[in-house]
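Colleague: Please take a close look at one part of this model, namely the interior. I should like a connected account of the residues there and of the elements to which they belong.

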Amino acid sequence: MSVLPDPGATRAVLIGTSHYDHLESLPAVSNNLTALAEALTGPVSWTLPREHCTILSNPTTAEMTMAAVRAAAEQARDTVLIYFAGHGLVDPEGDLYLAMPQSKQQRVETGLPYRWIRQALLNGRADRCVVVLDCCYSGLALGTMGGPSDLADQAAVEGTFLLAAAAETRQALAPPDETFTAFTGELLATLQTGIPNGPELIDFGALYRHLRIRLAAKGRPDPQARGRNTAARLALGRNLACLPTTATTPSADGEPATGRSWPSPSGIRTVRGFFKSLADVRVTSGLTHQMVTEIELVVS
């Protein structure tokens, strides 16, 4: 069953480089960060406290970036999400580097090695780790999740999911006339409108399949994904295309007459998570506040 993380025990770090000294600038990346942060902290997605969602726009050093990643990996107990948008660089050994503002082509030492982020997540304490890379050659990161050095195999985690905007030999796309990059724009649109005839919760498995279909239809790079354990069932948000449109009538025993799945109490770790689950129950059932009160009177 798909699950939403406990927002009180979850952290997100959104990293983006939109201005470069020696590479082509990507103005849309700045919009990516703002819109994705709004989604993660709003009711569409995880309802994270704003202090649990760190935005690093045009970080000047790899050290600054890694400090934020390590802090999030250490603080999170449920889920940690790391997102990067910008240019990707590849060294002669085929390793992926994330370009910083001062990065230069053919000078990977001026970027941030993806393996550093991977290692920080491996050393963290979150049950689930999610990495979303919106950069050229981002599919290279999937290779670091296989073999004897696999992140999920070495760390005691519930699951790890990596979503990449392009294959290891393909460039990502940032159309100059669009507000967002191609990949992140489609991801945001999915959260805002939902997946028709899709699941109640947009888990990462469903999200990946939907993005592949949507991006292929537009002739854009195919995203790549790889997950371990149950990570693909971690949800990024509720599917707005299939929410109840009318209130559900309670049955004789006071229970809402619905075949929908209910939020699981097993994933609650914090007070914020408890109240988030209560809100999810009302959304799932389609009940009004008045009807919730009436059910409480019947039960009592």
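**The interior and its surroundings**

Modeller: Thr10 has a relative accessibility of 0%, and therefore counts as buried. The model is a predicted one. Thr10 belongs to strand β1, which covers residues 10-16. Its C-alpha atom is separated by 8.1 Å from that of Leu81, a residue 71 positions away along the chain. Leu81 leads directly to a cavity, as it is one of the residues that line the largest cavity.

Three cavities of 30 Å³ or more are found in the structure. The largest of them has a volume of about 50 Å³. Its lining consists of Leu36, Leu40, Leu81, Tyr83, Val132, Leu187, Phe204 and Leu236. By class, this lining comprises eight nonpolar residues, with no polar and no charged ones. Two elements, α1 (28-41) and β3 (79-85), each contribute two or more residues to the lining.

Tyr83 and Val132, both in that lining, are also bridge partners, Val132 being in β7. Strands β3 and β7 run parallel and are joined by seven bridges. Strand β7 comprises residues 128-134, and seven of its seven residues are buried, so the strand is largely enclosed by the rest of the structure.

In a regular strand, side chains alternate between the two faces of the sheet. Strand β7 can be read in this way: Arg128, Val130, Val132 and Asp134 point to one side, Cys129, Val131 and Leu133 point to the other, and all are buried. Val132 thus points the same way as the charged residues Arg128 and Asp134.

A further parallel pairing, of six bridges, connects β7 to β8. Here the bridge partner of Val130 is Phe161, in β8. Phe161 has a relative accessible area of 4% and is buried.

Phe161 also takes part in an aromatic contact. Two quantities describe a pair of aromatic rings: the distance of the centres and the angle of the planes. A search of the whole structure yields one such pair. It is formed by Phe161 and Phe204, with ring centres 5.5 Å apart and planes at 35°; the pair is tilted because this angle is neither under 30 degrees nor over 60. The two rings come from distant parts of the chain, 43 residues apart, with Phe161 in strand β8 (residues 159-164) and Phe204 in helix α6 (residues 204-217). Phe204 is likewise buried, at 1% relative accessibility, and it is among the residues that line the largest cavity.

Leu187, another lining residue of that cavity, is one of the buried residues of helix α5. The helix has twelve residues (182-193), for which the expected span at 1.5 Å a residue is 16 Å; the end C-alpha atoms are 16 Å apart, so the two values agree. An α-helix has 3.6 residues a turn, so residues three or four places apart point the same way. The buried residues of α5 are Ala182, Phe183, Thr184, Glu186, Leu187, Leu188, Thr190 and Leu191.

Ala182 and Phe183 take the account to the second largest cavity, where both belong to the lining. That cavity has a volume of about 40 Å³. The other residues around it are Ala165, Ala172, Leu173, Leu215, Arg220 and Pro221. Its lining divides into seven nonpolar residues, no polar ones and one charged residue, the charged one being Arg220.

The end of α5 leads away from the interior. The helix is followed by Gly194, whose phi is positive, near 90°. Beyond glycine, a positive phi deserves attention, as most residues other than glycine have a negative phi. Asn197 has such a positive value, near 60°. This residue is placed in the loop between α5 and β9 (201-203). With 83% relative accessibility, Asn197 counts as exposed, whereas Phe204 is buried. Asn58 is another residue that is not a glycine yet has a positive phi, of about 55°; its loop lies between β2 (53-57) and α2 (62-75).

Finally, there is an open sheet of three antiparallel strands, in the order β4-β5-β6. Its edge strands, β4 (88-90) and β6 (112-113), each pair on one side only. Strand β5 (residues 96-98) is joined to β6 by two bridges in the antiparallel sense, and Leu98 stands opposite Leu112 of β6.

Key
Residues are numbered from 1 along each chain as its sequence is written. This is a predicted model: local features need pLDDT of at least 70, side-chain atom pairs count only at pLDDT 80 or more; totals for chains, interfaces and linings use all residues. Side-chain values use heavy atoms; hydrogens and water are left out. Rings of Phe, Tyr and Trp (its six-membered ring) pair if their centres lie within 6.5 Å; planes under 30 degrees apart count as stacked, over 60 as edge-to-face and the rest as tilted. Helices (H or I, at least four residues) and strands (E, at least two) are DSSP runs, numbered from the N terminus. Buried means under 20% relative accessible area, exposed over 50%, partly exposed in between (1.4 Å probe, protein chains only). Two strands pair if DSSP finds at least two bridges between them. On a 1 Å grid over the protein atoms alone, a cavity is a set of points where a 1.4 Å probe fits but cannot get out, and a pocket is an open set with protein on both sides within 12 Å along at least five of seven lines; lining residues have an atom within 4 Å of a point. Grid points are joined across faces, edges and corners, and a volume is the space filled by probe spheres set on the points. The expected span of a helix is 1.5 Å times one less than its number of residues.
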